[in-house]
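Work through the exercises below with the model open. Each task is followed by a stepwise solution.

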Amino acid sequence: KKDLISITDFTKEEYLRIMELAADFETNPNQELLKGKVVASLFFEPSTRTRLSFETAISRLGGRIVGFADPGSSSATKGETLHDTIKMVSNYADLIVMRHPLEGAARYAAEVSSVPVINAGDGANQHPTQTLLDLYSILKTQGTLDNLNLFMVGDLKYGRTVHSLLQAMSEFENPIFNFISPQVLQMPRAYKHHLEEKGIRYFEHEEFTDIISEADIIYMTRVQKERFSDPMEYEKVRNIYILKNSMLENTKPNVRILHPLPRVNEISTDVDNNEKAYYFEQALNGMYTREAIIAHVMNLK
Ligand code: CP
């Protein structure tokens, strides 16, 4: 069976295949490939986009959905282990989509499950389906995934989307990474090591207004309040970066601002109508990309 737990579970060829399929689903989103199949949607942590775009994708593919959006309604609250939940659900369903607050929970679920598991986010670790929709968004707006200067801004320590995106973009030609974060939220050492091993250039900054003109993609992230053990530490960094329209005046004409969303205040709402803002279209791309991921994992196309 094919699982998607870490973005590195897929090859570059598979990323490109998903892009091809996503473009096909964008042209024709309603294809009955999941007719007669049941997908379990298990969200042990809050979600708007990932859950709703997955569930819309499943509906558009003609499949049926079982599951929960509120872990409080599952027997986990009575002390049932993840092992037992997955063992049983994998007997009910043909595919499991799961979000969980613990790093490694998705990999463990895949080991227990007899059907494919797709990781919809595990703690601060990985969010591979977000990365595939990010790649699709970058390809659509830049026309290529090669030779791009990526600015990753905000919470690079706990932001799982940037961890997966870094690994995926490192498979393409000649990327440059600019990491903008306060010291306490820097990109973890293991991900920087991944780039060093491949000889890929990266730079770390605490400010970016003076270098923003070099960016092809500005990937903003939310400071992940739920991952901080000390609320006072969160207070120190919560408003650290706020992207405003005035900051975009000297940027490249084709630069695009991405954000996995939800946004708190790290992108001022005055940016929303700027032609360089792409985050809402990015979220729509998530539906086509998740149709593509399901089709690929289940070998439906
Ligand atoms: N981007 C993302 O994962 O959003 P949700 O938390 O709303 O699913």
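**Exercise 1. A bridge between two helices**

Is Lys140 buried, partly exposed or exposed?

Solution. Start with the ground rules. This is a predicted model, where local features need pLDDT of at least 70, side-chain atom pairs count only at pLDDT 80 or more, and totals for chains, interfaces and linings use all residues. Residues are numbered from 1 along each chain as its sequence is written, and side-chain values use heavy atoms, with hydrogens and water left out.

Step 1. Fix the classes: buried means under 20% relative accessible area, exposed over 50%, and partly exposed in between (1.4 Å probe, protein chains only).

Step 2. Lys140 has a relative accessible area of 37%, so Lys140 is partly exposed. Glu26, at 29%, is partly exposed as well.

Step 3. Take the pair. A salt bridge is a side-chain nitrogen of Lys or Arg within 4 Å of a carboxyl oxygen of Asp or Glu. Lys140 and Glu26 form one, with their closest N and O atoms 3.0 Å apart. The pair links distant parts of the chain: Lys140 sits in helix H5 (residues 128–142) and Glu26 in helix H1 (residues 12–27), 114 residues apart. Helices (H or I, at least four residues) and strands (E, at least two) are DSSP runs, numbered from the N terminus.

**Exercise 2. Salt bridges, total and network**

State how many salt bridges the rule gives, then describe the bridges of Arg160 and Arg238.

Solution.

Step 1. The rule yields 17 salt bridges. The background is simple: side chains of opposite charge can pair when their charged atoms come close.

Step 2. Arg160 meets Glu45 in a salt bridge at 3.2 Å, N to O. Arg160 lies in helix H6 (residues 160–169), and Glu45 in the loop between strand E1 (38–43) and helix H2 (49–60), so the pair ties together parts 115 residues apart in sequence. Both Arg160 and Glu45 are buried.

Step 3. Arg238 bridges to Glu235, with the closest N and O atoms 3.1 Å apart. Arg238 is partly exposed at 35% relative accessibility. Glu235 is partly exposed at 41%.

Step 4. Look for shared partners. Salt bridges of this kind join Glu45, Arg160 and Arg227 into one network.

**Exercise 3. The surroundings of Arg160**

How many residues of H6 are buried?

Solution. In H6, 10 of the 10 residues are buried, so this helix is largely enclosed by the rest of the structure. Among them are Arg160, His163, Gln167 and Met169.

**Exercise 4. Annotated positions**

Which residues does the UniProt annotation "binding site" cover?

Solution.

Step 1. Read the record. The unreviewed UniProt entry gives "binding site" for Arg49, Thr50, Arg99, His127, Gln130, Leu261 and Pro262. UniProt positions are given in the numbering used here, feature names are shortened, and annotations may be inferred rather than shown by experiment.

Step 2. Inspect Thr50. Thr50 lies in helix H2. Thr50 is buried, with a relative accessible area of 4%. Beyond its neighbours within four places in sequence, Thr50 is in contact (heavy atoms within 4.5 Å) with Phe43, Arg99, Ala120, His127, Thr129 and Arg290.

Step 3. Inspect Leu261. Leu261 is in the loop between strand E9 (256–258) and helix H9 (279–297). At 12% relative accessibility, Leu261 counts as buried. Leu261 touches Arg49, Tyr279 and Phe280, not counting residues up to four places away in sequence.

**Exercise 5. The sheet and its helices**

In what order do the strands of the open sheet run, and which helices pack on it?

Solution.

Step 1. Two strands pair if DSSP finds at least two bridges between them. The open sheet has 4 strands in the order E2-E1-E3-E4, with parallel pairing. Strand E2 (64–68) and strand E4 (117–122) are the edges, each pairing on one side only. The twist averages 15° from one strand to the next.

Step 2. E1 and strand E3 (residues 95–100) pair in the parallel sense over 5 bridges. Val39 stands opposite Leu95 in E3.

Step 3. H2 packs on the sheet and touches E1, E2, E3 and E4; its direction makes about 175° with that of E1. Helix H3 (residues 82–92) also packs there, touching E1 and E3, at about 155° to the direction of E3. Axes are lines fitted to C-alpha atoms, for helices over the stretch in contact, and angles run from 0 to 180 degrees between N-to-C directions.
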